[in-house]
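Student: Could we go through this structure together? I would like to begin with the contacts of one side chain.

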Amino acid sequence: MTKLKTKLIHGGISTDQTTGAVSVPIYQVSTYKQNALGQPKDYEYSRSGNPTRHALEALIADLEEGVQGFAFGSGLAGIHTVLSLFEPGDHIIMADDVYGGSFRLMDKVFSKLGIRYDLVDMSDLSAIEVAFKPETKAVYVETPSNPLLKILDIEKIAGLAKEHQALTLVDNTFATPYLQRPLTLGADVVMHSATKYLGGHSDVVAGLVVAKSHELAERIAFLQNSIGGVLGPQDSWIVQRGIKTLALRMEAHSKAAMKIAEFLEGHPAVAKVYYPGLASHPGHEIAKKQMATFGGMLSFELVDEGAVKGLVEGLSYFTLAESLGGVESLIEVPAVMTHASIPKDIRESIGIKDGLIRLSPGIEDLDDLLDDLKTGLEGI
Ligand SMILES: *Cc1c(COP(=O)(O)O)cnc(C)c1O
């Protein structure tokens, strides 16, 4: 079987079918000339299908080892389409520290349509077991989670879901298929914010979804075309271009995150570090089993919560910004930024403290990044 690093370059549709161009061109077009009345060629209309988007969709399906991929105008547009598989009365078990926007989508949009959910700490399998109801149709997993880097055992959770005839949906944004392929562990649908590591350069907002079965692929294809939140050809090209270097970038991000986590863990101004690569992390053993490396994201808490503002505003190479997974290092405070859409009481009950700081190390020289943090911590 072709190895993943090779698939990143040659997977899906990597060359133009008509000209042989070694990168699939940007087919900036909305409609296609038909052969005869009622006889379109491969494409009819770019919401339903576009060759550039199709190349990206075929690539992500190949990388995640699913049957079909789908590209959307944002990660949330993709998640919205997947959640549209469900009906009023259906119940979904959702991991308790999913991305704030995914929680908001469930809590403020799908709840209104009669879809019910419970938030569950899925690192405790018995807590999932008791959350199942006769109406439970899906288990929604994110691992490593955002921002606490909780590790969930996809294989075990998917096994439980199957016993209850529920689907397993996995947001694989943090790991990417380079580190972990949920469909091979029993999941049914994988979702991505391609805005993050897949795009990799903080220059595009995009979402990707992959289905494991033809039956699910057919339903998601119908919803993608019916709802219409598709990714444009230009952005599809940019994401495909980003994916080509995913292996190199994920190796560098993971190496940087490991070194920074070790540095922070040994620093007296730091109270706690969340990184699955540390032996002290409760999900370390599962991460070792299910991921190729431990990923690029980490979070930490300072001993003095009052020093957070000074630290995050004072660094040279870590830019204070939302988002993650780009070549440049970013720093943020989830309670105020990415996770502000989660009410404070829920945030606190799941362990996202106001002083929690999240880092997305980029691919700059690691010594510069470590020096930057060292200087920043000395100054607080
Ligand atoms: C950013 C993010 C999303 C949402 O994706 P957008 O591209 O911003 O719409 C979903 N899940 C995770 C884990 C994310 O980090």
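Tutor: In this predicted model, the side chain of Glu64 makes a polar contact (a pair of N or O atoms within 3.5 Å, one able to donate a hydrogen and the other to accept it) with the side chain of His192, at 2.7 Å. Local features need pLDDT of at least 70 and side-chain atom pairs pLDDT 80 or more, while totals for chains, interfaces and linings use all residues. Residues are numbered from 1 along each chain as its sequence is written, and side-chain values use heavy atoms, with hydrogens and water left out.

Student: Which side chain does Glu64 also contact at 3.0 Å?

Tutor: That of Asn172, again through a polar contact.

Student: Which side chain of opposite charge is nearest to Glu64, and how far away is it?

Tutor: Arg181, at 6.2 Å. Glu64 has no salt bridge, a term that requires a side-chain nitrogen of Lys or Arg within 4 Å of a carboxyl oxygen of Asp or Glu. Glu64 is nevertheless buried, meaning under 20% relative accessible area with a 1.4 Å probe, protein chains only.

Student: Turning to the ligand, which residues come nearest?

Tutor: Gly75, Asp171, Ser193, Thr195 and Lys196, out of 15 around the ligand, counted when a heavy atom lies within 4 Å.

Student: What lies 2.8 Å from an oxygen atom of the ligand?

Tutor: A polar side-chain atom of Ser193. The ligand alone exposes 380 Å², of which the protein buries 92%.

Student: And which helix gives the most to the shell?

Tutor: Helix H3, residues 75-83, with 3 residues; helices here are DSSP runs (H or I) of at least four residues.

Technical notes
Accessible areas come from the Shrake-Rupley method with a 1.4 Å probe; for residues, only the protein chains shown count as cover. Helices (H or I, at least four residues) and strands (E, at least two) are DSSP runs, numbered from the N terminus. Buried means under 20% relative accessible area, exposed over 50%, partly exposed in between (1.4 Å probe, protein chains only). Lys and Arg count as positive and Asp and Glu as negative; His and the chain ends are not counted.
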